[in-house]
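Work through the exercises below with the sequence and the model open. Try each task before reading its solution.

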Amino acid sequence: PWNRQIYVASNYEHVKFTGQWYKAYPDAYMWGCPGLAERMPEIKWAGEIPSNILRPEDTVLENCWDFKTITPLHLDMEVNPFTGKPFFNEVIFYHVPSKTLMTTDLYWNYPTSDGVPNSHLGGSEWELAPSVESVPFGSRLWKQGMDKVFLPFYKNFMVKDRSKYDEMAKIMLDKWGAETVIPAHGDIIRGAGLVQ
């Protein structure tokens, strides 16, 4: 029976509390995106999520979750143009039974200033997402910076292999057929029509 926690550091950017988590749960199985063990050698990693999993149903790793239930996909198509190395180096996850895609920095879904979840998608408010009077100015400014500055820079200068980017998008949208997206940043999206 499975009785130990698993911690997953899915990209290079979201690791701020990884060391504290490791100290608090020393018996947990620690998994990271490819290359993270070298960046954080002070942690005893169970392993790194494989870079290329062609058949998740045939991939079994010791002390890891079942890839037939939660399928990882390493997004290895981007590079920092200043260092020549991966920037996010993210792994995303698809929960097969619920058709849910989970992302860290691949996709952001910040709310617009009206405070209504997903109003910019033309969808109705999700019943558990909180509405707020308005999104704070600092958050709106951050969103503008991400949309107007970072996103074009990422797409034009950091995506090193456009065909691989398109191939991964096809896996997420066509092969997986996600009906829910849970981003680390912003509102959850529910419904195949809004996800596609």
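The exercises cover the sheet, the nonpolar cores, the salt bridges and the cysteines.

The model is predicted, so local features need pLDDT of at least 70 and side-chain atom pairs count only at pLDDT 80 or more, while totals for chains, interfaces and linings use all residues. Residues are numbered from 1 along each chain as its sequence is written, and side-chain values use heavy atoms, with hydrogens and water left out.

**Exercise 1. The sheet**

Find the order of the strands in the open sheet and state which strands form its edges.

Solution.

Step 1. Elements are read as DSSP runs numbered from the N terminus: helices are H or I with at least four residues, strands are E with at least two. Two strands pair if DSSP finds at least two bridges between them.

Step 2. The open sheet is made of five strands in the order β4-β5-β6-β7-β8, with mixed pairing. Its edge strands are β4 and β8 (189–190), each of which pairs on one side only.

Step 3. Go through the pairs. β4 (residues 70–74) and β5 run antiparallel and are joined by five bridges; here His74 has Val91 of β5 as its bridge partner. β5 and β6 are also antiparallel, over three bridges, and Phe93 is partnered by Met102 of β6. β6 and β7 run parallel with six bridges, and Thr100 is partnered by Thr180 of β7.

Step 4. Add the helix. α4 packs on the sheet and touches β4, β5 and β6, where touching is contact, meaning heavy atoms within 4.5 Å. The direction of α4 makes about 165 degrees with that of β4; axes are lines fitted to C-alpha atoms, for helices over the stretch in contact, and angles run from 0 to 180 degrees between N-to-C directions.

**Exercise 2. Strand β5 and the cores**

Describe how β5 is enclosed, and list residues with the most contacts inside the largest nonpolar core.

Solution.

Step 1. Apply the accessibility classes: buried is under 20% relative accessible area, exposed is over 50%, and partly exposed is in between (1.4 Å probe, protein chains only). Four of the five residues of β5 are buried, so the strand is largely enclosed by the rest of the structure.

Step 2. Look at the link to the next strand. β5 and β6 form a hairpin with four residues between them, and Lys99 in the turn has a positive phi of about 55 degrees.

Step 3. Collect the core. A nonpolar core is a set of buried Ala, Val, Leu, Ile, Met, Phe, Trp, Tyr and Cys residues joined through side-chain atoms within 4.5 Å. The largest one has 22 residues, and those with the most contacts inside it are Met77, Ile92, Leu101, Phe150, Tyr154 and Trp176. β5, β6, α3 and α4 each give two or more residues to this core, and α3 gives the most, with four.

Step 4. Take Ile92 as an example. Beyond its neighbours within four places in sequence, Ile92 has contacts that include Leu73, Leu101, Met172 and Trp176. A second, separate core of 19 residues includes Tyr7, Val15, Ile43 and Trp65.

**Exercise 3. Salt bridges**

How many salt bridges does a search of the whole structure find?

Solution.

Step 1. The criterion is a side-chain nitrogen of Lys or Arg within 4 Å of a carboxyl oxygen of Asp or Glu. The search finds four.

Step 2. One of them joins Lys99 and Glu179, at 3.6 Å from N to O. Lys99 lies in the loop between β5 (91–95) and β6 (100–109) and Glu179 in the loop between α4 (162–175) and β7 (180–186), so the pair ties together parts 80 residues apart in sequence. Lys99 is partly exposed at 36%, and Glu179 is partly exposed at 34%.

Step 3. Another joins Asp147 and Lys143, whose closest N and O atoms are 2.5 Å apart. These residues are four apart in helix α3 (residues 137–158), about one helical turn. Asp147 is partly exposed at 29%, whereas Lys143 is buried at 17%.

**Exercise 4. Cysteines**

Explain why Cys33 and Cys64 are not bonded to each other.

Solution.

Step 1. A disulfide is a pair of cysteine sulfur atoms within 2.5 Å. The whole structure has zero disulfides.

Step 2. The closest cysteine sulfur to that of Cys33 is in Cys64, 14 Å away, which is too far for a bond.

Step 3. Both residues are classed by accessibility: Cys33 is buried at 0%, and Cys64 is buried at 10%.
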